[in-house]
Structure formats: C-alpha cells, structure tokens
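I opened the notebook to record what I could look up in this model. I wanted short entries, one topic at a time.

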Amino acid sequence: MKQRNDLGQFTPEIGIKSGQSPISTKYPEEIEKILRSLPNRSEKIRQWVIEGMRKEGLLGEE
C-alpha cells in the first residue's frame with residue numbers, strides 16, 4: 001500500500017525527496033507508444049536507465 005504524507009498526498013517510493021520534481025523526458029512517437037503500452041512503465045524505464053548507466057561505467061554493480 002502506498003504511503004501518504006501529512007497532507008494526504010502519496011509519497012514517492014523511490015528517489016524523490018520532498019520538494020524535488022521528477023526527471024521527465026520526451027521520446028520519439030514510436031518509442032512513446034511502446035513505453036505507454038508497458039504495464040509498469042515507470043519501473044521499467046527506471047530499470048533500463050540504471051542498466052545503461054552501469055553499462056557505461058557510471059554506476060557500480062549491485
């Protein structure tokens with residue numbers, strides 16, 4: 001179950017601290033259609049970004 005803050009708003013599960021806005025990106029139409037069709041697109045995009053950063057040596061292995 002998602003947690004709520006004192007104002008009754010849902011609190012983010014991963015990465016966003018109070019007062020920070022999420023990182024948003026735009027994609028070409030073909031890619032956007034695929035992304036929007038994913039059942040859990042936020043989690044999947046997050047996974048792909050982290051994997052790409054590891055592949056490029058920006059993050060260590062888990």
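Is arginine 46 buried, partly exposed or exposed? I looked up its relative accessible area and found 30%. Buried would need under 20%, and exposed over 50%, so arginine 46 counts as partly exposed. I note that the model is predicted.

**Entry: arginine 46 and its partner.** I followed the side chain of arginine 46 to glutamate 43. The two form a salt bridge, with N to O at 2.7 Å. Both residues sit in helix α2, three residues apart, which puts about one helical turn between them. I checked the partner too: glutamate 43 has 35% relative accessibility, so it is also partly exposed.

**Entry: the whole chain.** I then stepped back. The protein chain has two helices and zero strands. Of its 62 residues, 2% count as buried. The chain exposes about 6,200 Å². Carbon and sulfur atoms supply 53% of that area.

**Entry: salt bridges in helix α1.** How many salt bridges does the structure hold? I found three. The bridge between arginine 46 and glutamate 43 is one of them, and I turned to helix α1 next.

Lysine 33 meets glutamate 29 through their side chains, at 3.6 Å from N to O. Helix α1 covers residues 29-37, and this pair lies four residues apart in it. That spacing is about one helical turn. I logged lysine 33 as exposed, and glutamate 29 as exposed too.

Glutamate 32 pairs with arginine 36. Their closest N and O atoms are 2.8 Å apart. Both are in helix α1, again four residues apart, or about one turn of the helix. Which side of the 50% cut-off does arginine 36 fall on? Its relative accessibility is 52%, so I recorded arginine 36 as exposed. Glutamate 32 has a relative accessible area of 31%, so I recorded it as partly exposed.

**Entry: a nonpolar patch.** Which residues form the nonpolar patch on the surface? I listed Val49, Ile50, Met53, Leu58 and Leu59. Together they have about 400 Å² of accessible area. I looked closer at valine 49, which lies in helix α2, residues 41-55. Its relative accessible area is 45%, so valine 49 is partly exposed. Helix α2 thus carries valine 49 as well as the pair of arginine 46 and glutamate 43.

Technical notes: Residues numbered from 1 in each chain as written. Predicted model: local features only at pLDDT ≥ 70, side-chain atom pairs only at ≥ 80, totals over all residues. Heavy atoms only, no water. Buried < 20%, exposed > 50% of the residue type's maximum accessible area, 1.4 Å probe, protein only. Areas by Shrake-Rupley, 256 points an atom, 1.4 Å probe, with all protein chains shown as cover. Patch = residues over 30% accessible without salt bridge, like charges linked within 9 Å, V, L, I, M, F, W, Y side chains within 5 Å. Salt bridge = Lys/Arg side-chain N within 4 Å of Asp/Glu carboxyl O.
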